[in-house]
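Biologist: I would like to learn how to read a model like this one, feature by feature. Could you give me the general idea each time and then the case at hand?

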Amino acid sequence: MNSSASFASFLRVLCVNVFVLAFAFLPATTRAQSLTPSQLEQLRIRANQALFIDSPLPPLAAHTFATLPVNANVRIEHVTFATQFGMRVPAIVYVPTHPHGKVPGIVVVNGHGGDKSSWYAVYTGLLYATAGAVVVTYDPIGEFERSVTRASEAGEHDKPIPGLTHPERVGGLMIEDVQQAVRYAASRPEVDSTRIAVLGYSMGSFHTILATALAGPQLPKIRAVVLSGGGNLDGKDQYWDSGRTLNCQSGPYRALDFFPGDGDARGPILYALRARSGPTLVMNGTEDGLITRFNELEPFFVKLRDRIAAVTGSRTNLPETIWYDNVGHRPSFMTRAAALWLDLQLHFPNWTFAQIEAFPTIRAAGWVTRTGVRISKGYIAEQKEGGIQALDLNLPGLTREQLTAVPLDLWQKDPTLYTLPGWIPHVLAAESAASSSVQSNYP
């Protein structure tokens, strides 16, 4: 970037910061009032800058390595697409074998320890491709093909990065990955870009709501969002602020505490931004200690809806909730309730509402035991993921080899294209350049 461009960027950020500071000195009662569409848009732009999300987003440069049949109804494709600094995101894409006209697109965003080999990503992909949708699953940075060890549950993105001044950059990368996955889904010729959904679990629920709230003009309007094991965008020093996972959760959330309202308006404003494109469904268990320890049950969401409406001046597209009694932390994307809600939004080509209501179910633990698809340690428990009643279409399992997107010999030639060690030098150089640019503008 040349010096004039750097200074122009600096001035743009300064103007947005002045706008934010003006809000900060308003009385609390005033801050609770509606924000205009222009004010919301300025906050969206500033949030993207705070998380170092590329604007514009990089070209997708998608590449397909292989196509494999799964059964008579579904095939999978081994794909990569681009993200920050020219890096590649390995993905498995589930495609209906005989699409009927333009079809919906769905993106699955994993929780901690999850990747495209997680049972719920595999099951969701197979299930909704059978329904007639294209489903994109991919590895978060630091997991499976984006891990230096190619391991699952590696958690590499949680580890401190020496020299990184802004740990929220890691979360920003993961949010940008969601947006790139959405763009990839919408770019496919068989996909109707007006019928896109994003499904996020746990950490993925956080990245999903931010990615869809902060989506700019390069992304299609995201028709539907489902958040499971999350959605409780709370206030200062509560769950998303106080967690141990600085890089991917608490750091990014704290980076948004410039939102008007002393950090407590982040949830309402993010949901207000999301509401511009479509509805959101939150599916949680009443005994989910990870996200209800601040008593964020239905009364919390009732108040949250009122606060979102105060921001927007409208009650359109407020988050809906489904609660499962005596249930802990789990993704519920493949349940009957989720499928019925998604069908209302996306109109699955191969299913009717009556068919969804009539499908039998299977306990997730039973399917995992039968197929051997990976589930995180301890999560096969009945109260957690193992007890999920998933729609049962006699879906097959997939092996880890089938779920590997990049040919191993190619990956081994340059693993830095996919992994954190490849991203870190770029981001440290970007931080150094940004610091030098600011210093040069203050002689």
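## Reading the model step by step

Modeller: Let us begin with one residue, Ser202, which counts as buried because its relative accessibility is 12%, and keep in mind throughout that this is a predicted model.

Biologist: Where does Ser202 lie, and what is the value of its phi?

Modeller: The general idea is that most residues other than glycine have a negative phi, and most peptide bonds are trans. Ser202, in the loop between β6 and α6, has a phi near 55 degrees, which is a positive value in a residue other than glycine. Another residue to look at is Ala61, whose phi is near 45 degrees and likewise positive, and which is placed in the loop between α3 and β1. That loop between α3 (37-50) and β1 (63-69) also holds Pro56, and the peptide bond from Ser55 to Pro56 is cis, with omega near 5 degrees.

Biologist: Which polar atom lies 2.6 Å from the backbone oxygen of Ser202?

Modeller: That is a polar atom in the side chain of Ser205, a residue placed in helix α6. Ser205 counts as buried because its relative accessibility is 1%, where the cut-off for buried is under 20%. Leaving aside neighbours within four places in sequence, the contacts of Ser205 include Gly200, Leu227, Ser228 and Trp240.

Biologist: How should I read a helix, and which way do residues three or four places apart point?

Modeller: An α-helix has 3.6 residues a turn, so residues three or four places apart point the same way. With that in mind, take helix α8 (residues 246-254), which is largely enclosed by the rest of the structure because 7 of its 9 residues are buried. The buried residues are Asn247, Cys248, Gln249, Ser250, Gly251, Pro252 and Tyr253, and what covers them includes α5 (168-187), α6, α7 (239-242) and α9 (266-275).

Biologist: How many aromatic pairs does the structure hold, and what makes the pair of Phe206 and Tyr253 edge-to-face?

Modeller: There are 15 aromatic pairs in the structure. For Phe206 and Tyr253 the ring centres are 5.8 Å apart and the planes stand at 75 degrees, so the pair is edge-to-face, given that planes over 60 degrees apart count that way. This pair links distant parts of the chain, since Phe206 belongs to helix α6 (residues 203-213) and Tyr253 to helix α8, 47 residues apart. Phe206 and Tyr253 are both buried. Trp351 and Phe359 give another case, with ring centres 5.1 Å apart and planes at 65 degrees, so that pair is edge-to-face as well. Trp351 is buried, at a relative accessible area of 7%, and Phe359 is buried at 17%. Rings can also gather in a group, and here Trp119, Tyr120, Tyr123, Tyr201 and Trp367 form one aromatic cluster.

Biologist: Which charged residues lie over rings?

Modeller: Two cases can be named: Arg46 lies over the face of Phe258, at 4.8 Å from the ring centre, while Lys384 has its charged end over the ring of Tyr379, 4.7 Å from the centre of that ring.

Biologist: Is Phe294 buried or partly exposed?

Modeller: Phe294 is partly exposed, because its relative accessible area is 30%, and this residue is found in the loop between α10 (289-292) and α11 (298-312). Its contacts, apart from neighbours within four places in sequence, are Asp234, Asp237, Gln238, Tyr239 and Ser242.

Biologist: Finally, how do I read a strand, and which strands are joined to β4?

Modeller: In a regular strand the side chains alternate between the two faces of the sheet. Strand β4 (residues 103-109) is mostly covered, with 7 of its 7 residues buried. The strand β6 (residues 191-201) runs parallel to β4 and is joined to it by 6 bridges, and within β6 it is Leu199 that serves as the bridge partner of Val108. Strand β5 (residues 134-138) also runs parallel to β4, with 4 bridges between them, and there Val135 is the bridge partner of Ile106. Following the chain, β4, helix α4 (residues 119-130) and β5 make a right-handed β-α-β unit.

Note on methods:
Residues numbered from 1 in each chain as written. Predicted model: local features only at pLDDT ≥ 70, side-chain atom pairs only at ≥ 80, totals over all residues. Heavy atoms only, no water. Buried < 20%, exposed > 50% of the residue type's maximum accessible area, 1.4 Å probe, protein only. Helix = DSSP H or I, 4+ residues; strand = E, 2+ residues; numbered from the N terminus. Pairing = 2+ DSSP bridges. Right-handed = clockwise from strand over helix to strand, strands pointing away. Phe/Tyr/Trp six-rings, centres within 6.5 Å; stacked < 30°, edge-to-face > 60°. Lys NZ or Arg CZ within 6 Å of the ring centre and 35° of its normal. Contact = heavy atoms within 4.5 Å. Polar contact = N/O pair within 3.5 Å; in protein donor to acceptor, adjacent residues only side chain to side chain.
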